[in-house]
Amino acid sequence: MKSTIATALALSFLVTPAFSDGHAAGDAGAGEAIFKKCKACHAIVDPEGEVVRKGGKVGPNLYGLYGRAAGGNADFSSKYSGSLKEAGEEGLVWNEKDFVGFVADPKKFLAAYLEDTGAKSKMGFKLKKKGAARDVWAYLVSVGPEVED
């Protein structure tokens with residue numbers, strides 16, 4: 001019995017990625033379904049103009065989000081909150097951990113990151129369901145440019 005449990009546990013590590021940086025530990029398929037909520041404000045369009053996922057233009061294009069400085073989409077720069085731009089200027093570069101924290105509660109995340117209780121975010125949506133943010137991150141990474149290690 002113990003060897004069966006040990007074998008199952010070992011196999012689970014082979015099929016469950018535990019990546020950091022530009023790789024994602026979430027489920028990209030589940031993230032694609034969850035992204036339906038995000039597309040009200042965000043689209044995913046590659047630099048050549050190919051639409052990966054049609055969506056709104058209220059929020060920035062999320063193509064290639066990994067490794068981008070917060071508030072760093074030049075086509076959207078005038079629309080970011082001052083707090084998000086400031087966070088980017090202070091070194092916030094999108095990765096899985098910070099993305100998950102941000103989408104759970106954007107204002108709270110920025111307040112903590114900037115150590116400023118008056119920090120603001122224009123993103124009012126919160127993605128609090130356990131694992132959902134990691135899944136959306138996995139989806140964004142899967143449809144973005146190749147990530148170099």
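How much area does the protein chain expose, and what share of it do carbon and sulfur atoms supply? In this predicted model, the exposed area comes to about 9,200 Å², and 56% of it is supplied by carbon and sulfur atoms. Of the 149 residues in the protein chain, 38% are buried.

The secondary structure of the protein chain consists of six helices and two strands, and these elements follow one another from the N terminus in the order α-α-β-β-α-α-α-α. With regard to contacts between residues that are at least 6 apart in sequence, 48% join residues that stand at least 24 apart.

Among the helices, α6 (132-143) may be described in some detail. This helix comprises 12 residues and spans 17 Å from its first C-alpha to its last, a value close to the 16 Å that is expected at 1.5 Å a residue. Helix α6 is mostly covered, with 10 of its 12 residues buried; the buried positions are Ala-132, Ala-133, Asp-135, Val-136, Trp-137, Ala-138, Tyr-139, Leu-140, Val-141 and Val-143. These buried residues of α6 pack against two helices, α2 and α4, and against the strands β1 (44-45) and β2 (51-53).

Helix α6 also takes part in the lining of the largest pocket, to which α2 (28-38), α4 (96-104) and α6 each contribute at least two residues. Thus α2 and α4, against which the buried residues of α6 pack, also appear with α6 in this lining. The largest pocket has a volume of about 560 Å³, and its lining is made up of 32 residues, of which His-42, Gly-59, Pro-60, Phe-102 and Met-123 are the closest to its centre. When the lining of the largest pocket is divided by class, 21 residues are nonpolar, seven are polar and four are charged.

The second largest pocket holds about 330 Å³ of space and is lined by 16 residues, with Val-45, Pro-60, Asn-61, Asn-73 and Asp-75 lying nearest its centre. Its lining divides into six nonpolar, five polar and five charged residues. Pro-60 is named for both pockets, being listed among the residues closest to the centre of the largest pocket and among those nearest the centre of the second largest pocket.

Key
Residues numbered from 1 in each chain as written. Predicted model: local features only at pLDDT ≥ 70, side-chain atom pairs only at ≥ 80, totals over all residues. Heavy atoms only, no water. 1 Å grid on protein atoms, 1.4 Å probe; cavity = no way out; pocket = protein on both sides within 12 Å on 5 of 7 lines; lining within 4 Å. Points joined across faces, edges and corners; volume = space filled by probe spheres on them. Helix = DSSP H or I, 4+ residues; strand = E, 2+ residues; numbered from the N terminus. Nonpolar A, V, L, I, M, F, W, Y, C, P; charged D, E, K, R; others polar. Expected span 1.5 Å × (residues − 1). Buried < 20%, exposed > 50% of the residue type's maximum accessible area, 1.4 Å probe, protein only. Contact = heavy atoms within 4.5 Å. Areas by Shrake-Rupley, 256 points an atom, 1.4 Å probe, with all protein chains shown as cover.
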